[in-house]
Amino acid sequence: MSLDTKKFQEKSLYFTSLGCSKNLVDSQVMLGHLKLDGFTIAQAPEDAEVIIVNTCSFVEAAKVESIETVLDLATYKEDGKCQALVMSGCMAQRYAGELEAEMPEIDMFIGTGEYHKIVPLLKAMEDGKLEKKSFVEIPKFIHTEFDPRLNTSPFYMAWLKISEGCNRNCTFCIIPTLRGKLRSRTVDSLVKEAEQLAATGVRELNLISQDFSDYGVDLEGGGKKDGKNPMIYELLSRLEKVEGIDWVRVFYFYPDDLTEDVMDLMASSKKITKYLDMPVQHFADGVLKRMNRRVTEEVIHQKIKTLREKIPGIVLRTSIIVGFPGETEEDFQALLRGVKEARFNHLGVFKYSDEEGTPAVRLKNKVPQEVIDERFEQLYEAQKEIARELNQEYLGKVIDVLVEGQHEETELLLQGRHAGQAPDIDGKVIINDGMAKAGDIVRVEITDVLDYDLVGRII
């Protein structure tokens, strides 16, 4: 039986994107398709006939935020113009069946591999031809340069999704279930989209995926040869040549697959930033093995040592999980020692929690929550000290800064980022002397250092 007809006279749309930058790119592709179909973006949810929430369900806090956001926006079905409330993304992919039964206010669920079908699905809803509410399959789609995309990020930067899905199967991670197996875009497709973005004024490209180090192994002619991944080298080499792009930043490059040819390319490049997001998750070999990581503490330290030798001044970001099942006090001390020895510039620490559907749920010897909290605090304090010391090295130096505009707290200051600061997750450069426009890259002398931010003047 078909659902109610919904006529969108004004074709007005309100969109909320939650979670990671990869989810944001999916949202931007959906917006591109909707804009081509004549939808206009409403600035407030009460003015929209269609409300879409692209959700996250990576950890418990993300699930709670997704549900609360959807319920808040559902009120506009009574208090506004909303005729269609759509949940897309990871939460829909993971729980569509249960949510359909429990949340009748949602009119449609779209999984992580169906986001490109948003326009025909809304048309079917308008015509009363939807035979079901949930459109969730095993994810196989990835967009290309031919899909329309509305870049909602600041005009001078963009996220470039090089692949989707993951073949790693870490025991704590639900991503392969939510996003499917690895599927890479071709180098030609990515270079073409980079050129399109550069033509709109984008100067900074942030390369994202679930696993940068596996890029291209699923493509014809792809795969690792003699321990190297030539397709990664080709991608970075060709993005280097795209006119108008000044910074190319690499995220999620796992240490076990980081090869010296890529390090050498980063060292010699004028555009690939001296910045690397390299997830290590832990340093204790026993924990790494239970996580199903293909790496050891020794290898991680060796890669970091080689990186710093080849690329002096490189900025490293990583993520750590504390309190993984079976993590002993000895394991934690190895983790703490590893963090202090590695001296990462930026560190994300996550407290382990059971995620249904992951192998780690079945692991024994769970760490008590109070122990996890205590270990988290120790890591946090150790990293705060490291970050402050590393920031001191910028004092008195003159560095390139990409200006983002007025400081978020006062119009008397500007704020921006240097090449070692990624959007949204790392610190800022606060500019207290000099004028520049958003999108300018200016020379800034660093005059003061805060815990995570730098302060300086334009010269």
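**Helix H8 and its surroundings in the predicted model**

The buried residues of helix H8 are covered by several elements, including strand S7 (157–161), helix H7 (187–199), strand S10 (204–208), strand S11 (247–250), helix H9 (260–268) and strand S12 (272–277). The model is predicted. Helix H8 itself covers residues 230–239. Its buried residues are Met231, Ile232, Leu235, Leu236, Ser237 and Leu239.

One of these, Leu239, also stands out in the largest nonpolar core. That core has 60 residues. Leu205, Leu207, Leu239 and Leu276 have the most contacts inside it. The surroundings of Leu207 can be listed in full. Beyond four places in sequence, leucine 207 touches Leu160, Ile162, Phe212, Leu236, Leu239, Val248, Arg249, Val250 and Phe251. Two of its partners, Leu236 and Leu239, are named in that list, and both are among the buried residues of H8. A second core is separate and holds 25 residues, among them Val25, Trp159, Ile399 and Val429.

The overall fold was examined next. The protein chain contains 13 helices and 19 strands. Its radius of gyration is 23 Å, close to the 23 Å expected from the globule rule for 459 residues, so the chain is as compact as a globular protein of that length. The C-alpha trace spans about 65 × 55 × 50 Å along its principal axes. Of the 459 residues, 58% count as buried. Contacts across the sequence were also counted. Among contacts with a separation of 6 or more, 74% join residues 24 or more positions apart.

The surface and charge totals are as follows. The chain exposes about 19,900 Å², and carbon and sulfur atoms supply 51% of that area. There are 58 positive and 78 negative side chains. The centres of the two sets lie 5 Å apart.

Two residues in loops have a positive phi. Tyrosine 252 lies in the loop between S11 and H9. Its phi is near 65°, a positive value in a residue other than glycine. At 21% relative accessibility, tyrosine 252 counts as partly exposed. Glutamine 281 lies in the loop between S12 and helix H10 (285–290). Its phi is about 70°, again positive, although the residue is not a glycine. Glutamine 281 counts as buried, at 8% relative accessibility. The cut-off for burial is 20%, so tyrosine 252 falls outside the buried class.

Other loop positions were also examined. Glycine 313 sits between helix H11 (297–310) and strand S13 (315–322). Its relative accessible area is 65%, and glycine 313 is therefore exposed. Aspartate 147 is 166 residues away from glycine 313 along the chain. The C-alpha atoms of the two are separated by 38 Å.

Histidine 407 occupies the loop between strand S15 (398–406) and strand S16 (414–418). It is buried, with a relative accessible area of 13%. Leaving aside neighbours within four places in sequence, histidine 407 is in contact with Leu413, Leu414, Gln415 and Ile430. Leu414 and Gln415 fall in the residue range of strand S16.

Two lysines complete the survey. Lysine 366 is placed in the loop between strand S14 (346–351) and helix H13 (369–392). At 36% relative accessibility, lysine 366 counts as partly exposed. Residues up to four places away in sequence aside, lysine 366 touches Pro325, Tyr352, Asp354, Ala360 and Val361. The C-alpha atoms of lysine 366 and threonine 447 are separated by 47 Å. These two residues are 81 residues apart along the chain.

Lysine 340 is found in helix H12 (residues 329–342). Its relative accessible area is 47%, which places lysine 340 in the partly exposed class. Lysine 340 is in contact with Ala382 and Ile386, leaving aside its neighbours within four places in sequence. Both partners fall in the residue range of helix H13. Asparagine 54 lies 286 residues from lysine 340 along the chain. The C-alpha atoms of lysine 340 and asparagine 54 are separated by 38 Å.

How values were computed:
Residues numbered from 1 in each chain as written. Predicted model: local features only at pLDDT ≥ 70, side-chain atom pairs only at ≥ 80, totals over all residues. Heavy atoms only, no water. Helix = DSSP H or I, 4+ residues; strand = E, 2+ residues; numbered from the N terminus. Rg over C-alpha atoms; globule rule 2.2 N^0.38 Å. Buried < 20%, exposed > 50% of the residue type's maximum accessible area, 1.4 Å probe, protein only. Contact = heavy atoms within 4.5 Å. Areas by Shrake-Rupley, 256 points an atom, 1.4 Å probe, with all protein chains shown as cover. Lys, Arg positive; Asp, Glu negative; His and termini not counted. Charge placed at Lys NZ, Arg CZ, Asp CG, Glu CD. Core = buried A, V, L, I, M, F, W, Y, C linked by side-chain atoms within 4.5 Å.
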